[in-house]
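Reader: I would like to learn how to read helix packing and burial from a model. Can you take me through a case?

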Amino acid sequence: MIEERQPLIVSAGSPADIGACRSIRLTVVSEVGWWDTPRMLAQMTAGGGPEASQWGIGFDADNAAGSCSLLEVEALDGNLTRILIDAGWNAGYMSERFRATGVDRLLENGDIAFLFLSHEHLDHFWGIEAVLKLAPEIPILVPGGLRQEGIDWLRGREFPQAGIANHTPHRGPVVRMLPGGIHPLLPGLASVTFDLPILLDIRGEQSLYVHVAEKGLVCVTGCCHQGVLALVDYARDHLETGKRPYGLYGGLHLSPFGPMTDTQAETVRALGRYGFQKIAANHCTGAEALALMRELDYPLVAGTGRSGSVGTDHPGNGDAVLF
Ligand SMILES: [Fe+2]
Ligand SMILES: [Fe+2]
């Protein structure tokens, strides 16, 4: 069953009020996409390069880790709603991360309201079997442009060229979140699907916006392929809470594979003018981008650098961030 959900259309002149929540807490289930970047890039090149479809590229499973976070939204009345953001890459590794963070029990007990798939990339999606083994009927919100291969993957397909198979078909609802506006999800929580072509031949990424009462806007991303400035500018132009940027969490896709370009450095510098008070950048936020943020005195949230994460300048595996 696939539903297509139309967004609310708001014009820049009349920003939308998405309500408010009391707080949010993000637990980093895993932020390590893969272990060895040169090896991953060499396999991508051998499979046809960044323009090729990921579904036909053979990557080593033992180099795969994955991106996945648990978002807990505390409503104004104290009620808690849990959302899983992304499913990681290597299903065996993700099962271990679920055990280590207690997400396994939450999934088994039906205590996670839905899986929010930020985008179709392998390091966020190919670990889906680890989720489905525990919660085969969990509702899944996917970006509107998810390819048919992505739907087939959920339904339990094998991709021999990529060397992957999902043996646990999804049995719950799938919702395509269409681009062009705002999707209110809970009081204080909304998503927006950004429609753009992304490397490895996928389409679109959806991000979360949260209005935390008495604090302001928190932006939550998977990889932020639309660009972090586009993400924040969208909120500024379309959301009431966008006038008060407070926090940022997730992958910012800045120097993800190593060296930072001049344009990426400019983006990091431009981020400073929004006045964020808490920046928890991890996953595809590269070491050079983090180093420049530190140099510019940005309010970076530190991590413990354990369970596979390297470095303490960002929230890593098993760490939690409160906004
Ligand atoms: Fe990623
Ligand atoms: Fe990505």
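Author: We will look at two helices in turn, then at one strand residue. Keep in mind that the model is predicted.

Reader: Start with the pair. At what angle do the axes of helix α8 and helix α9 cross?

Author: Fit the axes, then read the angle between them. Helix α8 spans residues 262-271 and helix α9 spans residues 287-295. Their axes come within 10 Å and cross at roughly 40°. The two helices are therefore oblique to each other. The crossing of α8 past α9 is right-handed.

Reader: Which residues in α8 and α9 meet?

Author: Look for contacts between the two helices. From α8 come Gln264, Ala265 and Val268; from α9 come Ala289, Leu292 and Met293. Sorted by class, this contact has 5 nonpolar residues, 1 polar and no charged ones.

Reader: Now burial. Which residues in α8 are buried?

Author: Count the neighbours around each residue, then look down the axis. Gln264, Val268 and Leu271 are buried in α8. They fall within an arc of 60° seen down the axis, so they line one face of the helix. Exposed residues sit on the other side of α8: Asp262, Thr263, Glu266, Arg269 and Ala270.

Reader: What do the buried residues of α8 pack against?

Author: They pack against α7 (228-238) and α9.

Reader: Which residues of α9 are buried?

Author: Read this helix by the steps used before. Ala289, Leu290, Leu292 and Met293 are buried in α9. Down the axis of α9, the buried residues fall within an arc of 160°, so they too line one face of the helix. On the other side of α9, Arg294 and Glu295 are exposed. The cover over the buried residues of α9 includes α8 and β15 (278-282).

Reader: What follows α9?

Author: Check the backbone angles past the helix end. Asp297 follows α9, and its phi is positive, near 65°.

Reader: Last, the strand residue. Is Glu205 buried or exposed?

Author: Place the residue, then count around it. Glu205 lies in strand β12, residues 202-212. Glu205 has 28 other C-beta atoms within 10 Å, and 20 or more count as buried, so Glu205 is buried.

Reader: Which residues does Glu205 touch?

Author: Leave out residues up to four places away in sequence. Glu205 then touches Ser118, His119, Pro143, Phe194, Ile198, Gly222, Cys223, His225 and Gln226.

Reader: How far apart are Glu205 and Gly110?

Author: Give sequence and space separately. Glu205 and Gly110 are 95 residues apart in sequence. In space they are 26 Å apart, C-alpha to C-alpha.

Methods:
Residues are numbered from 1 along each chain as its sequence is written. Chains are lettered from A and ligands numbered from 1 in the order in which they are written. This is a predicted model: local features need pLDDT of at least 70, side-chain atom pairs count only at pLDDT 80 or more; totals for chains, interfaces and linings use all residues. Axes are lines fitted to C-alpha atoms, for helices over the stretch in contact, and angles run from 0 to 180 degrees between N-to-C directions. Helices (H or I, at least four residues) and strands (E, at least two) are DSSP runs, numbered from the N terminus. Angles under 35 degrees count as roughly parallel, over 145 as roughly antiparallel, 65 to 115 as roughly perpendicular and the rest as oblique. A crossing is left-handed if the near helix is turned anticlockwise from the far one by less than a right angle, and right-handed if clockwise. Two residues are in contact if their C-beta atoms, placed from the backbone, lie within 7 Å. Ala, Val, Leu, Ile, Met, Phe, Trp, Tyr, Cys and Pro count as nonpolar, Asp, Glu, Lys and Arg as charged, and the others, Gly among them, as polar. A residue is buried if 20 or more other C-beta atoms lie within 10 Å of its own, exposed if 12 or fewer, and partly exposed in between; C-beta atoms are placed from the backbone. The arc is that of the directions from the helix axis to the C-beta atoms.
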